[in-house]
Structures are given as C-alpha cells and as structure tokens.
Amino acid sequence: MALRLYNSRTRSLEPFAPLQAGRASIYVCGMTPSFHPHLGHARTFLTFDVLRRHLMARGYEVTYVQNVTDIDDRIIERAATEGVPWDDIVSRYLAEYEACAQRLGLLKPDHEPRATREMSAIVDIVNGLVQKGAAYESGDGVYFAVEEGAFPHYGELSHQSIDELRAGVRVAVREDKRGRLDFALWKKAKPGEPTWPSPWGPGRPGWHIECSAMARKYLADQIDIHGGAADLIFPHHENEVAQTETYTGKVPMANFWVHAGLLNVDGQKMSKSLGNFTPLTQILDRYPAAVVRYLFLQTGYRKPSNFTAESIDAAGKGLRGLYADLDALRARAKSNAAPGSRSPAPSPASLEEFDAYLDDDLNTAGAVGWLQTYVKCSLKDGGADASIVVATAQQCLERFGLPSDAESAGLTATSSQVKLNKAARMELSIIAGEREASDLELVEKVISARDDARKAKDWAKSDRLRDALARAGIAVKDTPSGAQWSVDGRS
RNA sequence: GGCGACAUAGCCAAGUGGUAAGGCAGAGCUCUGCAAAAGCUCCAUUCGCCGGUUCGACUCCGGCUGUCGCCUCCA
C-alpha cells in the first residue's frame, strides 16, 4: 500500500508520488512571532511532524523546511504598543515557540529560514515579477497585478474566481494599488519602521513573498508538499502560488497542498478578545506534552477540532491506559525472556497494519485505535509473544512521536512534581510533627505513618491520613508490596 | 452574498456498498478492612432529516436542516 494524501489543490485524495524517487520535500509555513504561540500552532506543527515521521518510516529521505516570518505588520504593531524594538518581540516569542517545540518533541526542521535574513532572495523575486510585467511599483510599494491578469490561475487553490474574491473584499484598504485584489510584494518604509534596502527604496517585504523566496531557496522551484493551517489557504497560499509560479514559470509549485484543520477552544474560535486564548506554554505546564500530542493524534488532521478540558483529560487517561498495558506486556516479556536473549524485532505484519492507517491520508485516529486494540488484545491473549508486541508497539509510538513509556512521557509522579499548597503543607506538617521537612519528605512521612496505622489495623486513622493526603493532591493505593502514591491525576 | 468543511452512543472519535474500531465516562461482578488500582462483563438493531439508485446504504446521488470555518489579522 502506498501513501495517499488529500490535496487541497485538487480537493481529492491522491497517491503520493515524489518528484524525485525516494525523496520528499516539505515546506511548512511556520510562526510569525508577534505573540505567544498557542495550541493551534501545536496542532498544525504536530500534524506535519507526524507526516514527516511517517514519510521517513516509509523510506523517504525527507527535507523539511519550516520558515519564520520575522517581520510583518503585527510585529511592528506589537513593538509600538509595548514601546520596544521590533526584534525584541521576535526574539521573545520565537524563543517561546522553540521551547514549546522542544517540549512537544517536534523534530527539528532541516532548515528554519527567517525572512529578514533572506532579503536578497526576496528582492530577486519581486524584481523578476516587475520585469515580467506581473507587478508594478506605486506610491507606497510594489504590488502583484492580480486584477490585470498577471496570473491567470489566480483563485485555483482556494477554488474561487477572481470575481468571487473581489466581491468578498471588505473595507477599502488604504493602499496605493490599481486593483482591489492586488497585494503587496514590497512595502515602502513608513517613519519608524524597520527597513531593508531595495530597488524601490528602503522598505520591507509584504506578507507571502518570504515563503515564495524561502521555499525556492531551500528546496526547489517545485516541491512535493506544501503545508500549513487551513486559514492560510487564502490569501497567503493563493498569493504565494501566484508569485512563485509566475516567477519560475513552472507549474505547480507544490504537488500537494496539505492543510491542517483549525482548532476551536470550548466550541469557539480561539481569540484574544473572546478570552479563550491560552498560551501554549501554559497548556504544556498544565498537561504533559505527550498528552497534547496524543489528543491531536485522536482527531483527523483535516477536521476542525474542539479543545476542552474534558477532551484533554480523557486523552491523558487513554494514553496512561496504553502505557499501563504496555508495561504489563514488558513485565511478561521480561519474565519469559531466556537469559542473554536479544530483544526481538517488531512484527512486520502488525507494523504494516498500523502503517496502512497512516498511509490513508495520515489517519492517526484510526492508527491510535488499532494500537490500543493491538496492545489490549495481545495482553489478553497469553499466546502472543509479548516481546514482539512490545517492540512493535514501540515502533508505532515512535511513528507518532510519542515517548515509549509513561515515565518518559512525564505521566508518572516524580519527587519534583510534589508541590503542596499552603493549607496542605500545614495539615501534613501537623500530622508528621515536622515543620522544616520538604514537601516530598512530608508526604513520605505521612505515608509511612499510615502504613503503621494499617499494620495496627487502626483503619480510622489510616483513612484519616489518606483523606489528608487526598486533600493535598496525593493519591494513595495499597498494593501487596506496600502503599504506592502518586500526584493526583498523574499516574 | 460567495466558497468550503463537518453532522456516528453521555462525551471524544475511526470506519465500510453487505450489516457499526478505539478512548473517556457509566453499570455490574471479582479483589480489598474500606478505597484506589487491576481483572472480568455490559454499554449505538443504529450512523442529522427527506427522497432516489441498489438484492442490500450509515457508506453512492439529489434535496433539506444544523454547526463551524474562510472571503487580505490568523497555525
């Protein structure tokens, strides 16, 4: 079976055929660091991270480029509001994004070009477009002449005609251009704005042109897959296609346009004004990154997705369950293993079943279901070779970019995660008769006091202590080998 | 107004022209001092509504309704 992907350009599912045998080039529109990265960013980049991992697993040599648009109107506005230099804004939010990307386990792009460092490539394209007569200089910039028919295929990607698009244009924009649909390739400097030199005087690139320049420079005139979130289809990608294809004369610039669905929060579009905008950093502080990843894997990447506290809690429990079953299989494999035996290879047949889901337009949700069933059934079926199942499941987790066990996924309690609030600390320190002990020591003291009570069959005291721990956010469970505890909701 | 996506159990969510994966929640039982955890079992005669095609549709076609998104701020 071969990979099939939904191509927004043709609105159909197509077999993936690379331009060069064995290679795949992907360009994904990355961050504009003008504000905090949010969950929607995470969803988009996780989607392409999994696509990339799957292509690699299928034997392609993948070149993945994800740009940074580090100059645009919003960055300038933000800087003006805060009264700081524009590049302070960029470095602040870019650093925040990179920290999040690392926590999410996103593979590092092969190239991460930044618009401001690619000015000559940008100016070259604008120049070329002007020379071809597809663009013109006006009082405030250089514009692409959509309305004069510079690009006959304009609108094909977003499947709208020029007339339809024109009808949709809202308020008259105060730009000095000939046609309403014409868009800026280069913006001449206004006072106080950052500038770069150009044949049209100091200024800065318009939005869209940077991607045309960087995709060509770091990949080629024509690439296999161009990705981004669905909200970029128009105008960003439409304009990008117009620029690149007019400039290079090669069609199409991207064989596949792959768009990730947008994310809603509590049923509504995420926005600052609705007050449901949560920086990604805060989400990752609250939930393990692996849970965020698992949550999005459970949804088709093209579908609109709704984020709620319930949905991520359920995802966390589902992932924990998977890891628990896997641990049980590991234990079985260990007890069955002959001394000195090597760990076995994954089952090719099972792996193929898993990959078949991903081949089907990256059906991660189906693949998750398959993996849950595979692990659960293997656990019930004593006849299955546990070590092979474990090896196979680990491969699947790697395809997903998920850690191989609960501990590395940050799902188990560790001493550093014990943080008692004031009231809880007070209560436990009274019970323990300790004032100076660390949070961790306090918890352990109370646990052992409870153990003593249980040995003495003083159930009332034992339950009292368990309740106190529960109020402090510590869950206790008694096992044959003694009491185990965990930070609530963590394990 | 134009363009599009989606509509499957309490929630999330796969899927197929031949009779509904999985997760969460819930219920019962086992275990347990009681819990928790774990194990076992159960949980959509039905896939928004109405027509059509078909031996047969949730799956294909047409219409309707609803939700959401895009139409130069957007990942």
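Q: Is Cys211 buried or exposed in this structure?
A: In this predicted model, Cys211 counts as buried, because its relative accessibility is 1% and the cut-off for buried is under 20% relative accessible area.

Q: Which cysteine sulfur is nearest to that of Cys211, and how should the distance be read?
A: The general idea is that a disulfide is a covalent bond between the sulfur atoms of two cysteines. For Cys211 the nearest cysteine sulfur belongs to Cys29 and is 3.8 Å away, whereas a disulfide requires the two sulfur atoms to be within 2.5 Å, so Cys211 is in no disulfide.

Q: What can be said of Cys100 in the same terms?
A: The closest cysteine sulfur to that of Cys100 is again in Cys29, but it is 19 Å away, which is too far for a bond. Cys100 is also buried, with a relative accessible area of 1%.

Q: How many disulfides does the count give?
A: Applying the sulfur-to-sulfur rule, the count comes to 0 disulfides.

Q: How many cavities of 30 Å³ or more does the structure hold?
A: The general idea is that rolling a probe the size of a water molecule over the atoms shows where empty space is left. In this structure there is 1 cavity of 30 Å³ or more, and the space in the largest cavity is about 100 Å³.

Q: Which residues line the largest cavity, and which elements give two or more of them?
A: The lining is made up of Arg43, Leu46, Thr47, Val50, Arg293, Phe296, Leu297, Thr299, Tyr301, Leu362 and Thr364. The elements that give two or more residues to this lining are α1 (39–57) and α9 (289–297), and the largest share, 4 residues, comes from α1. By residue class, the lining divides into 6 nonpolar, 3 polar and 2 charged.

Q: Where does the largest cavity lie with respect to the domains?
A: The largest cavity lies between domain 1 (4–277) and domain 2 (290–400), because both of these domains give residues to its lining.

Q: Where is Asp72, and is Asp72 buried or exposed?
A: Asp72 is found in the loop between β4 (61–66) and α2 (73–82), and with a relative accessible area of 10% it is buried.

Q: Which backbone nitrogens does the side chain of Asp72 reach?
A: The general approach is to look for N or O atoms within 3.5 Å of each other, one able to donate a hydrogen and the other to accept it. The side chain of Asp72 reaches the backbone nitrogen of Arg74 at 3.0 Å, and a polar atom of that side chain also lies 3.0 Å from the backbone nitrogen of Ile75.

Conventions
Residues numbered from 1 in each chain as written. Chains lettered and ligands numbered in written order. Predicted model: local features only at pLDDT ≥ 70, side-chain atom pairs only at ≥ 80, totals over all residues. Heavy atoms only, no water. Buried < 20%, exposed > 50% of the residue type's maximum accessible area, 1.4 Å probe, protein only. 1 Å grid on protein atoms, 1.4 Å probe; cavity = no way out; pocket = protein on both sides within 12 Å on 5 of 7 lines; lining within 4 Å. Points joined across faces, edges and corners; volume = space filled by probe spheres on them. Nonpolar A, V, L, I, M, F, W, Y, C, P; charged D, E, K, R; others polar. Domains from an automatic or database assignment.
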